[in-house]
Amino acid sequence: MEVLSLEGGKSDHEQKQNEYTFAATAHVVDNDSWQQVGLLLVTSFNCAYVLSFSSLMLAPLGWYWGLTCLVIIAAFAAYANWLLAGFHVISDHRFIRYRDLMGYVFGNRMYYVTWYLQFTTLILGSMGFILLGGRALKEINSEFSDSPMRLQVYIVATGVVYFVFAYFVPTISSMRNWLFSSAILTVIYDAAILVILIKDGNRNKVKDYNIVGNKGEKALNAFGAIAAILVCNTSGILPEIQSTVRKPVTTNMRKALATQYTIGLAIYYGISIAGYWAYGASVSTYLPEELSGPTWAKVLINGTAFLQSIMSQHMFVAPVHEALDTRFQRLNEGMFSKYNLICRFFVRLLFFGVNILVAALFPFMGDFVNLIGSFALFPLTFVFPSMIFLKIKGKDGRKEQQLWHMAIVIFFSLMSIITTAAAVRLIINNTTMYHFFANI
């Protein structure tokens, strides 16, 4: 199989492992248990982004449509990822990158389309993580000072910490020793925030759940909320995560996904629903801003959320690191050889330097979430897996299967267009409200 030259031609050379071949890569393949990957998914999706979802997902939809959309989108996302996991190996070739799979099935153009959608998602997501980390640090400082430093200071600090972690923990598989710490941090800040949310919700006897805006604004905001729900449930990098799983790769990946869509979903949906219940439609886009309670509890929640985000963000940006490492590092040397350490330092420095600058320049956190879900994740999650099914199994499948997947392609393509328009409208509105390097 010929793979295009994003990785500088190195991926044109295949590696063989037992019965599978796969494209050359600087990162580890076929190394992790499904339990490890399942824990990775649970902790990564229960990241600091969860602290924004009460406002982004439920406030624009209200109780009935909000809960309905939560259930439907989670079910469809679980199904679509389950389907995509079944195409990880085709004709004894293991596709460790989503773009390689799409290029193999549909040709060069879809390789580049997938690459563009994925990397747009991952880079915007990385900026969003930096913003969230900065907000958490600023909230901690606000507890001890009436005039905290500008948000941009904390954005830079967050980006530096992310850079250091990505440098010394370069791959998804190398996160193994950090997952237990990530899980502990997740439990701490989720439990603490739930306790305060329940207390605040019981104390707040008057809650307003009315959806604000005129009919047009409500409709666009609702589509933006649907995109945010999708971000809450999927990543668009399933083949890259699956590349780390030991054989049998399909069965083990589906076990890991089952862990995410049961244990993981119960946690991040629970936090989001509790936040909306406690504060109503006026809930903040960063939930800890609303919390009552002692200073130590707010510091604990923001501190653990920040520390946990260091590990969570690494999973979502790992495919970018893999592409750059494969392109610039020496594949015949270890990840910690002198040459590769120097090379990785400058590549990571450039990547995080640009992300820090853009995040500091445009600190509009909710916009990133809606744009990611609408523009990229609808096709990556729903449209492309059904396209692959129709191409590979469509001729042999039943008529109702063909119609089902054709309907998915058409419906979610339209949803992508509509929700993208809603996200762009939100960005335009916010650019009139905020200025560059805004201290929000």
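**Contacts and enclosed spaces**

Me: With which residues is Met253 in contact, leaving aside its neighbours within four places in sequence?
Reply: Contact here is a matter of heavy atoms within 4.5 Å. In this predicted model, local features need pLDDT of at least 70 and side-chain atom pairs pLDDT 80 or more, while totals for chains, interfaces and linings use all residues. Residues are numbered from 1 along each chain, and side-chain values use heavy atoms, without hydrogens and water. Once those sequence neighbours are set aside, the partners of Met253 are Val37, Leu41, Ala85, Leu238, Ile241, Gln242 and Val245.

Me: Is Thr25 buried or exposed?
Reply: Thr25 sits in the loop that runs between β2 (20-23) and α1 (34-45), helices and strands being DSSP runs of at least four and at least two residues, numbered from the N terminus. Because its relative accessibility is 8%, and buried means under 20% (exposed is over 50%, partly exposed in between, with a 1.4 Å probe on protein chains only), Thr25 counts as buried.

Me: With which side chain does the side chain of Thr25 make a polar contact?
Reply: Thr25 lies in the loop between β2 and α1. From there its side chain makes a polar contact (a donor and an acceptor, N or O, within 3.5 Å, with sequence neighbours counted only between side-chain atoms), and at 2.6 Å the partner is the side chain of Glu322.

Me: Which element gives the most to the lining of the largest cavity?
Reply: A cavity is a set of points on a 1 Å grid over the protein atoms alone where a 1.4 Å probe fits but cannot get out, lined by residues with an atom within 4 Å of a point. The largest cavity is lined by 19 residues, and Tyr49, Phe129, Val231, Thr234 and Phe316 lie nearest its centre. At least two lining residues come from each of α1, α5 (108-144), α8 (215-233), α11 (295-328) and α13 (365-392), but with five residues the element that gives the most is α5.

Me: What is the volume of the largest cavity?
Reply: The lining of the largest cavity has 12 nonpolar, seven polar and no charged residues. The space filled by probe spheres set on its points, joined across faces, edges and corners, comes to about 220 Å³.

Me: Which element gives the most to the lining of the second largest cavity?
Reply: The second largest cavity holds about 160 Å³ of space. Its lining has 15 residues, with His27, Glu240, Ser243, Thr244 and Glu322 closest to the centre. With three residues, the element that gives the most is α11.

Notes
1 Å grid on protein atoms, 1.4 Å probe; cavity = no way out; pocket = protein on both sides within 12 Å on 5 of 7 lines; lining within 4 Å. Nonpolar A, V, L, I, M, F, W, Y, C, P; charged D, E, K, R; others polar.
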